[in-house]
Amino acid sequence: MAVAVFDAYGTLLDVHSAMARHAARTGPEWQRISQEWRAKQLEYTWVRSLAGPAHHRDFSALTDEALAFVAARHGIADAALLADLRAAYRALEAYPEAPAALAALRAAGWRTAILSNGAPAMLAAGVAAAGLFDVLDAVLSVEAVGVFKPDPRVYRLATEKFGVAPTQITFVSSNAWDAFGALEFGFCVVWVNRAGQPDEYGLRGRVAEVADLSILPSLLV
């Protein structure tokens, strides 16, 4: 069985599309603020995971907490704007090439899935808004194990779902730390290096590296 498992946020879904949608209201620094929102969101997942199960909160809550922090840091106090940004994050835009890439893999006989930090309801809303439900066989959330990536228990969800060994799964992520965690778990990995970032975690030469998802079908099929 050929299985391709995708990270959601930053890989299939553009995490900066939420703030881009309200850029005029957020101000000229919206791109930097969006980057800080994303960085703080991820920081909160790692800290909560390291602190232990008693401190776990789902990705939806941490996304909102991260926005509240960044908004306070930048003096954004417009409650209506913050509410719209929170709602927009639940309906992120897919990267333009994502639906076609998933559809091509499915047409070639691949099983496709999302494995994400996102909470189930958050993922369901995001996948629906992006129009990806019809090109996915499964949407897997870390909430099944109560810890965030890159904990190995998260990646194990995919092997259990499809009943295959890690080496039979191709994992696709734009996040270098996620790609590293998946590689160490035993997945074949594709790192989507959209911004052309330097090598991290010694990935280069150990994983396939692409600029976007458009090349994925020809790479895998």
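This text walks through a predicted model, from its aromatic rings to its largest pocket and two single residues.

Start with the rings. The model holds 11 aromatic pairs. One of them joins Tyr155 and Phe185, and their ring centres are 6.1 Å apart. The two planes meet at 40 degrees, so the pair is tilted. A stacked pair would need planes under 30 degrees apart, and an edge-to-face pair over 60. This pair links distant parts of the chain. Tyr155 belongs to helix 8, residues 152-162. Phe185 belongs to helix 9, residues 176-185. In sequence, 30 residues separate the two. Both Tyr155 and Phe185 are buried.

Other rings form a group. Tyr9, Trp37, Phe59, Tyr89 and Phe148 are linked into a cluster by ring pairs.

Rings also meet charges here. Lys40 places its charged end over the ring of Phe69, 4.4 Å from the ring centre. Arg194 does likewise with Tyr95. There the distance from the charged end to the ring centre is 3.5 Å.

Now turn to the largest pocket. Its volume is about 630 Å³. The lining of this pocket counts 24 residues. Nearest the pocket centre lie Gln35, Arg38, Ser174, Asn175 and Gln197. Three elements give two or more residues to the lining: helix 3, helix 9 and strand 5 (188-192). Helix 3 provides the largest share, with 5 residues. What is the chemical make-up of the lining, in nonpolar, polar and charged residues? The split is 13 nonpolar, 7 polar and 4 charged.

Helix 3 deserves a second look. This helix spans residues 30-51, and Ser34 is part of it. Is Ser34 buried or exposed? Ser34 has a relative accessible area of 2%. The limit for buried is under 20%, so Ser34 counts as buried. Leaving aside neighbours within four places in sequence, Ser34 is in contact with Val15, His16 and Met19.

Helix 9 offers another case. Phe180 lies in this helix. Its relative accessibility is 29%. That value falls between 20% and 50%, so Phe180 counts as partly exposed. Which residues does Phe180 touch, not counting those up to four places away in sequence? They are Tyr201 and Leu203. Phe162 sits elsewhere: Phe180 and Phe162 are 21 Å apart in space, C-alpha to C-alpha. In sequence these two are 18 residues apart.

How values were computed: Residues numbered from 1 in each chain as written. Predicted model: local features only at pLDDT ≥ 70, side-chain atom pairs only at ≥ 80, totals over all residues. Heavy atoms only, no water. Phe/Tyr/Trp six-rings, centres within 6.5 Å; stacked < 30°, edge-to-face > 60°. Helix = DSSP H or I, 4+ residues; strand = E, 2+ residues; numbered from the N terminus. Buried < 20%, exposed > 50% of the residue type's maximum accessible area, 1.4 Å probe, protein only. Lys NZ or Arg CZ within 6 Å of the ring centre and 35° of its normal. Contact = heavy atoms within 4.5 Å. 1 Å grid on protein atoms, 1.4 Å probe; cavity = no way out; pocket = protein on both sides within 12 Å on 5 of 7 lines; lining within 4 Å. Points joined across faces, edges and corners; volume = space filled by probe spheres on them. Nonpolar A, V, L, I, M, F, W, Y, C, P; charged D, E, K, R; others polar.
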